Structure formats: structure tokens, C-alpha cells
Amino acid sequence: MPPRLRCTASARGLTAVVKPSRPSAALLRPSTPAVTSAARQYATVSRGLSLPDDYVPPTKPPTARPGETRKAQLLRTYTSLLRTTPVVLLFQHNNLTAEEWIAVRRELKAALDAVPATGDASADIASKAKIQVVRTSIFDVAMKLVEFFDPSKVEPTSAPTATGKRVKVTYNHDLSKAAWKAVKSVTMGETKIPETSTYAQLSALMVGPVAAFTLPSVSPQHLAAALSILAPSPPQFPAPTRKKNPGYHEPITQSALQKLLLIGARIEDKAFDMEGVKWVGGIDNGLDGLRAQLVHMLQSAGMGLTSTLEGAGKALWLTMESRRTVLEEEQNAQVPTPVGLTGCFPCARQPPQLNAAQQRNTSFLWCEGDFP
């Protein structure tokens with residue numbers, strides 16, 4: 001560090017003699033009056049654009065609770081997940097470490113990527129499928145909000161715009177007061193929860209640590225691949241062999257999978273248990289096979305109905321035809337065979353005197369007019 005320089009008395013005297021020059025007041029004045037008028041005009045305009053006291057920005061509608069908190073954003077995330085994701089599998093997890101979650105996601109991604117692609121949507125399903133840990137209390141509120149809150153029934157209110165004009169605005173978002181009141185009525189018991197509702201069947205599962213596996217579309221092939229990793233159950237959903245997938249049999253992966261337990265699912269807004277999930281994942285050839293089965297069932301039902309209707313008509317025709325045959329036979333049996341020529345059958349006339357040759361010929365019907 002360089003030594004300090006000591007100030008002598010002569011140096012102090014120089015500071016007193018030499019004074020800094022100050023700009024004169026004339027130089028600080030504006031050269032033209034246009035600058036002053038422009039500033040005054042700007043101030044006037046800024047005072048004219050003042051917003052109303054009760055103005056609500058369109059990008060930030062009023063909320064029942066602060067919308068910037070983490071809980072509010074998690075609620076919006078869960079409601080969007082439940083509305084847009086048709087397949088949600090719920091697992092109970094027991095303190096998985098970060099390395100174990102990485103191993104589970106790695107094996108899950110490998111299994112989903114191995115599913116044969118049937119179109120452009122197949123690749124999107126594999127890339128958008130994910131498993132994540134959820135906050136059970138907030139997820140429970142999100143299920144109530146999705147099932148028991150109807151945004152279309154919220155009445156519009158009057159709100160001012162930036163110009164002061166009042167317009168009709170409907171605040172029916174997930175953090176609005178209307179949504180909060182709907183959830184509160186369900187929580188307090190004011191709204192009766194049907195036992196057959198999805199929330200009534202899944203609310204008992206929202207206890208303890210819960211993880212959710214989501215698929216962006218109902219694909220039985222991808223669901224079967226996920227079950228073979230997360231909840232294998234041979235012979236329908238066997239786990240991959242060590243030769244085919246050695247990473248699945250690593251100790252860290254096996255330790256993580258033993259801590260996961262499938263407890264339920266929400267598929268197409270319906271609650272499913274483990275057996276129901278296996279039924280969906282076990283559909284042969286996926287949705288195409290299910291559509292083929294449905295078409296075959298409809299065709300079989302139509303053919304059965306047609307044969308039933310035709311069978312009644314055929315039975316009636318056969319009955320009438322057999323009756324007609326019986327009547328014809330009875331009518332033919334009533335016609336006497338002319339043996340001995342005792343009289344005329346059509347006109348009941350007595351026969352004339354015939355010779356021996358005519359009396360022997362009894363194979364024709366005769367009448368008195370035939371013999372003069």
C-alpha cells in the first residue's frame with residue numbers, strides 16, 4: 001500500500017483561493033418557451049388518464065384469496081390437470097428419495113417409448129406422460145372444484161373499464177369467490193355429495209403421501225406398459241426380464257417400486273379400483289380393438305333383431321300354409337269316388353239305365369246330361 005501524502009498549509013491555502021465555477025442562472029433557463037408548455041401539457045394529460053378507484057385489470061381478476069401464493073397456483077395446476085387429463089393413476093408412496101424417483105421415471109419413460117407407435121398421437125402420449133407428487137389437501141379441493149362447481153351458472157357483475165365505463169364481467173375462474181363458495185358448501189355439508197360421484201369414491205384415498213401418474217389420452221397399450229413397471233401383476237402385466245431391461249432390476253429401482261402402491265384411478269371422469277385399471281389396460285389392440293368389439297356387438301344385435309322379426313313372420317306363414325294344406329286334404333277327402341253310379345255328385349240326379357260296359361267304367365264323374 002503506497003504511503004499517504006500529508007497536506008501542507010500551502011496546499012490548504014490553494015483550496016481556499018481556487019473556487020469551483022458555478023453556472024449562472026441564465027444558463028439554466030430554457031432557451032424557448034416551448035419546453036415549458038410541453039411539460040405543462042404532459043402533466044395535464046397524465047392527470048386526465050387517472051384510473052377509477054374500483055378498476056380491476058382484465059389480466060388480474062379479483063380472487064377470494066391471494067392468487068400469488070404457492071397454494072393458489074397449485075390449485076390452478078391441479079384443476080387444469082383434472083380437466084384436461086383423462087387418465088390419472090393414484091399411488092401411495094413411502095418416502096422415496098430423489099435418486100429413486102429418477103430411477104422410476106427413467107424406467108417408466110423407457111417402457112412407454114417401447115410401445116409400438118400407431119400414429120402421431122402415440123409419440124405425444126409417451127412424451128407427455130409423467131408421474132408427480134401431489135399435495136393431498138389441495139388436490140382434494142381441486143376435485144371438489146372440478147366436480148361441484150359449474151362456471152356457467154355464475155351471474156355476471158358490473159365492473160369499470162379504464163375509461164370509466166361500466167361493463168358486464170363474469171368472474172368464474174378457479175380462484176373466484178363463486179368457486180370458493182361452492183367448495184365451502186361441499187366442505188360444510190350444505191351440498192349433498194352423491195355416493196356414486198367420483199369425488200365420494202376417491203376422497204377416502206386422499207390421505208398420506210400420494211403421487212399421480214397421468215396420461216394425456218386413453219391408450220390401453222401405454223397404460224399396460226406403465227402398469228408393468230409401476231404395478232406388475234403377471235401374467236397379464238409381467239415385469240420386464242433382466243435380459244431385456246437390466247436397469248429395472250437394479251437395487252435402487254426395486255427399492256423405489258416397493259414403496260409405490262396403486263390405490264385407485266380416475267379415468268374419463270370415473271373412479272376405478274385396481275381391477276378396473278387392469279381391465280382398461282388389458283383391452284386387446286387398444287381403442288381400435290374396443291371399437292371393433294363394439295361394432296361387432298351392434299351388428300350382432302341388429303342381426304338378432306332382424307332374425308327375430310323375420311322368425312315371427314316365417315312362423316305365421318308356415319302355420320297358414322300348413323292349415324291350407326290340411327283344408328285342401330279334407331276337401332279332397334269329401335269328394336266320393338263313383339263306385340256303382342248311384343247318383344250324380346254335382347247335381348244329385350239319378351243315373352240313367354247303363355249297359356254293363358258303362359257300369360264297369362267308374363273312373364269318371366257323370367251326369368244325366370251326359371247320357372241322352
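This briefing walks through a helix pair, the salt bridges and a few single residues of the structure above. The model is predicted. Helix α10 and helix α12 come within 8 Å of each other, axis to axis. Ten salt bridges occur in the structure. Three of these pairs are described below, followed by S197, P194 and T136.

**Helix α10 against helix α12**

- Two packed helices are described by the angle between their axes and by the distance between those axes.
- Helix α10 covers residues 220–230, and helix α12 covers residues 274–281.
- Their axes cross at roughly 125°.
- That angle makes α10 oblique to α12, because it falls outside the ranges for roughly perpendicular (65 to 115) and roughly antiparallel (over 145).
- On the α10 side, the contact is made by P220, L223, A224 and L227.
- On the α12 side, V277, V280 and G281 make the contact.
- Six of these contact residues are nonpolar, one is polar and none is charged.
- Glycine counts as polar here, so G281 of α12 is the polar one.

**How enclosed is helix α10?**

- Ten of the eleven residues of α10 are buried, so the rest of the structure largely encloses this helix.
- The buried residues are P220, H222, L223, A224, A225, A226, L227, S228, I229 and L230.
- P220 belongs to helix α10.
- P220 has a relative accessible area of 1%, so P220 counts as buried, the cut-off being under 20%.
- P220 and V280 are 60 residues apart along the chain, yet their C-alpha atoms are separated by 6.1 Å.
- Both P220 and V280 take part in the contact between α10 and α12.

**Salt bridge D174 with R83**

- Side chains of opposite charge can pair when their charged atoms come close.
- D174 and R83 form a salt bridge, with their closest N and O atoms 3.1 Å apart.
- D174 sits in the loop between β4 (166–169) and α8 (177–187), while R83 sits in helix α4 (residues 70–84).
- The pair therefore ties together parts that are 91 residues apart in sequence.
- D174 is buried, at a relative accessible area of 17%.
- R83 is partly exposed, at 41%.

**Salt bridge R106 with E107, and its network**

- R106 and E107 join their side chains in a salt bridge of 3.0 Å, N to O.
- R106 has 40% relative accessibility, so R106 counts as partly exposed.
- E107 is buried, with a relative accessible area of 4%.
- A network of salt bridges links R106, E107 and E250.

**Salt bridge E321 with R324**

- E321 pairs with R324 in a salt bridge whose closest N and O atoms are 2.4 Å apart.
- Both residues lie in helix α13 (residues 286–333).
- E321 and R324 are three residues apart, about one turn of the helix.
- An α-helix has 3.6 residues a turn, so residues three or four places apart point the same way.
- E321 is partly exposed, at 27% relative accessibility.
- R324 is partly exposed too, at 40%.

**S197 and P194 in a loop**

- S197 is found in the loop between α8 and α9 (198–202).
- P194 is also in the loop between α8 and α9.
- The S197 side chain reaches the backbone oxygen of P194 at 2.7 Å.
- S197 is buried, at 9% relative accessibility.
- P194 is partly exposed, at 41%.
- Leaving out residues up to four places away in sequence, S197 touches E147 and F148.
- With the same neighbours left out, P194 touches F148 and A200.
- F148 is therefore a partner of S197 and of P194, and F148 is part of helix α7 (residues 136–148).

**T136 in helix α7**

- Is T136 buried or exposed?
- At 19% relative accessibility, T136 counts as buried, because the cut-off is under 20%.
- T136 lies in helix α7.
- Apart from neighbours within four places in sequence, T136 is in contact with M206, G208 and V210.

Key:
Residues are numbered from 1 along each chain as its sequence is written. This is a predicted model: local features need pLDDT of at least 70, side-chain atom pairs count only at pLDDT 80 or more; totals for chains, interfaces and linings use all residues. Side-chain values use heavy atoms; hydrogens and water are left out. Axes are lines fitted to C-alpha atoms, for helices over the stretch in contact, and angles run from 0 to 180 degrees between N-to-C directions. Helices (H or I, at least four residues) and strands (E, at least two) are DSSP runs, numbered from the N terminus. Angles under 35 degrees count as roughly parallel, over 145 as roughly antiparallel, 65 to 115 as roughly perpendicular and the rest as oblique. Contact means heavy atoms within 4.5 Å. A salt bridge is a side-chain nitrogen of Lys or Arg within 4 Å of a carboxyl oxygen of Asp or Glu. Buried means under 20% relative accessible area, exposed over 50%, partly exposed in between (1.4 Å probe, protein chains only). A polar contact is a pair of N or O atoms within 3.5 Å; within protein, one must be able to donate a hydrogen and the other to accept it, and residues adjacent in sequence count only if both atoms are side-chain atoms.
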